[in-house]
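Here are a few exercises to work through with the model open beside you. Try each task before reading its solution.

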Amino acid sequence: SNLGLAEQQRGNYSVAEELFLRTIEIYRGAFGETHPNLALALLNLGNVYQLQGRYGEVESLYKRALAIQVSAYGEQHPDVLATLGSFGALYQLQGDYNQAERYFKDGLALSQQIFGPESLPMAGLLNRLGELYRLAGRIEDAETAGIKALNLQAKILGENHSEYALTLNNLGLVYSAQGRYREATPRLEQAASILEDTLGPKHPSLGLVFNNWAELYRNQGNYAAALPLYERALRIQSEALQPLHPDLATTLNNMALLAYGVGDYDLAIEWQSAALTSFETNFGGEHPHVGLMLNNLGEAHRIRGDLPEATTYLERALTVQRKVFPSGHPETALTLNNLGLVSGKRKQYEQAETYFLEALEITKKTLGENHPRLVLVLDNLARLYYSQGKPQQSVPYLKQSLDVENYNLNLVL
């Protein structure tokens, strides 16, 4: 089991899967079908499947593990608490934010019953809940949960601990999402400093923070500040991880987005193609990361004006995303939006309208009525109608867009 965890951390998911399957068979033979050790092995296998995007298989493994744990320990046990957190993370990855929130909140209630109001499990779940709220666009709730987690970790662990640093990193992402860059920057800088002191200058977690710090600068258009941070993240990940590790591919993708910003589309496409190869090698062709990268490549070709190539990548992305996110997901909405842009450019106006309206529906369903991403789709719909000489149809969407922008501006001010 420990060997499997080591291979998983290195990104060797197929090897980890084989080791976990072997462990499950050994435990079944030695302990039977209801032993807690079997539950742990099932969870480990579920975790590696989750990394591979095999969500349907993950859910069934988690349910079997939870049933074993409840039968062996009762409902008030730390292992049950950990599994509730795993369920929350699974639903978060699938874009089912309401279900994820339910499991994280159930975990918080159980943590209070087992450990009291001030514990590391409580801090960990608050941190996870904050990250969920950030992804769902509930920025005020994300900030509240993140600060609570940070205060608990400071009290229990002190302010020079890697877990405290990772929560600082997440809080920095919350402030970045609000455009509060002056508050985000020192938190990411402090997180990097703590991780370098506690885990050393070559740890993958440090590479992750450098990547996020670089993203902060890229989002502000400060490419000169972003590039050396990306390069440092890439150096750390290249030394610490396998050549095709997903974290390495993510940094390559973000560097490609920087290349777009300076107009170097050929380099951007080269880096994103390398990232796509990495994701397909690690996860196969049907994984959220593969769908996202196909979308990004489609968008790159759209910007270059290569509309047939853009359509090919975006349609592939949509096929993957509909399969891995059958109930809809914010990433699916982004791909639909980009397909709408391509269709509009090709004067396929009815098709463009269909794509934009579905993107709007999914965005509202998954992120709520006031998420900043709505502005993108609403504006594109308005432009589509205006370009067809239908200004009256564009007006309601422009008004909705303005309302969403004002809502989010009031959150920052």
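A residue counts as buried under 20% relative accessible area, as exposed over 50%, and as partly exposed in between (1.4 Å probe, protein chains only). The model is predicted, so local features need pLDDT of at least 70 and side-chain atom pairs pLDDT 80 or more, while totals for chains, interfaces and linings use all residues. Residues are numbered from 1 along each chain as its sequence is written, and side-chain values use heavy atoms, with hydrogens and water left out.

**Exercise 1. Find the salt-bridge partners of Glu101, and say how exposed each residue is.**

Step 1. Start with the rule: a salt bridge is a side-chain nitrogen of Lys or Arg within 4 Å of a carboxyl oxygen of Asp or Glu. Applied here, this rule gives 23 salt bridges.

Step 2. Look at Lys105, which pairs with Glu101 at 3.3 Å, N to O. The two sit four residues apart in helix 6 (residues 97–115), so about one helical turn separates them. Helices here are DSSP runs (H or I, at least four residues), numbered from the N terminus.

Step 3. Check accessibility: Glu101 is buried at 12%, whereas Lys105 is partly exposed at 42%.

Step 4. Now turn to Arg138, whose closest N–O distance to Glu101 is 3.2 Å. Arg138 lies in the loop between helix 7 (120–135) and helix 8 (139–157), so its pairing with Glu101 of helix 6 ties together parts 37 residues apart in sequence. Arg138 is partly exposed, at 33%.

Step 5. Put the pairs together: Glu101, Lys105, Arg138 and Asp141 form a network of salt bridges.

**Exercise 2. Are Arg28 and Glu33 buried or exposed, or in between?**

Step 1. Locate the pair: their side chains form a salt bridge at 3.2 Å, N to O.

Step 2. Compare each value with the cut-offs: Arg28 has 26% relative accessible area and is partly exposed. Glu33, at 48%, is partly exposed too.

**Exercise 3. Describe how helix 16 packs on helix 17.**

Step 1. Take the geometry: the axes of helix 16 (residues 307–324) and helix 17 (residues 330–345) are 9 Å apart, at an angle of about 155°. Axes are lines fitted to C-alpha atoms over the stretch in contact, and angles run from 0 to 180 degrees between N-to-C directions.

Step 2. Classify the angle: the helices are roughly antiparallel (over 145 degrees).

Step 3. List contacts, meaning heavy atoms within 4.5 Å. Leu314 and Leu318 are among those from helix 16, and Leu336 and Leu339 among those from helix 17.

Notes. Parallel < 35°, antiparallel > 145°, perpendicular 65-115°, else oblique.
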